[in-house]
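User: I'd like to learn how to read cysteines, helix packing and a nonpolar core in a model. Could you walk me through them?

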Amino acid sequence: AIMSNHYHLVLHVDEQLNYQLTNEEVCERWCQLYSKPVLIERWLSEEISSVAETNAALAVIGGWRERLVDISWFMRCLNE
């Protein structure tokens with residue numbers, strides 16, 4: 001419902017489905033809205049040369065996975 005000074009939403013967040021997504025699927029969903037960092041591009045194309053880079057890429061993807069089910073993050077993006 002949209003009012004003159006605020007709105008109301010009904011959301012369903014499927015956390016179980018989110019945790020079943022592969023890391024590649026998380027990247028695909030996230031990058032539909034946001035630009036892809038160079039590190040993630042390199043990780044997706046398997047051009048990573050060190051364990052540290054792999055761990056950094058997986059940490060970024062893990063953060064995106066958490067944000068995909070975070071209602072506060074969704075509202076922030078919606079309000080933007």
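Analyst: We'll take cysteines, then helix packing, then the core. This is a predicted model, where local features need pLDDT of at least 70, side-chain atom pairs count only at pLDDT 80 or more, and totals for chains, interfaces and linings use all residues. Residues are numbered from 1 along each chain as its sequence is written, and side-chain values use heavy atoms, leaving out hydrogens and water.

User: How many disulfides are there, and why?

Analyst: A disulfide is a covalent bond between the sulfur atoms of two cysteines. The test is a pair of cysteine sulfur atoms within 2.5 Å, and the count here is 0. That's because the sulfur of Cys27 is 5.8 Å from the closest cysteine sulfur, in Cys31, too far for a bond. Cys27 is also buried, at 1% relative accessibility (buried means under 20% relative accessible area, with a 1.4 Å probe and protein chains only).

User: At what angle do H2 and H4 pack?

Analyst: Helices are DSSP runs (H or I, at least four residues), numbered from the N terminus. Axes are lines fitted to C-alpha atoms over the stretch in contact, and angles run from 0 to 180 degrees between N-to-C directions. H2 (residues 23–30) meets H4 (residues 51–68) at about 65 degrees, axes 9 Å apart. Contact means heavy atoms within 4.5 Å; H2 brings residues including Val26 and Trp30, and H4 residues including Ile61 and Trp64.

User: Which residues form the largest nonpolar core?

Analyst: Such a core is a set of buried Ala, Val, Leu, Ile, Met, Phe, Trp, Tyr and Cys residues joined through side-chain atoms within 4.5 Å. The largest has 12 residues, among them Cys27, Cys31, Trp43 and Trp73. H2, H3 (38–44) and H4 each give it two or more.

Definitions and conventions:
Buried means under 20% relative accessible area, exposed over 50%, partly exposed in between (1.4 Å probe, protein chains only).
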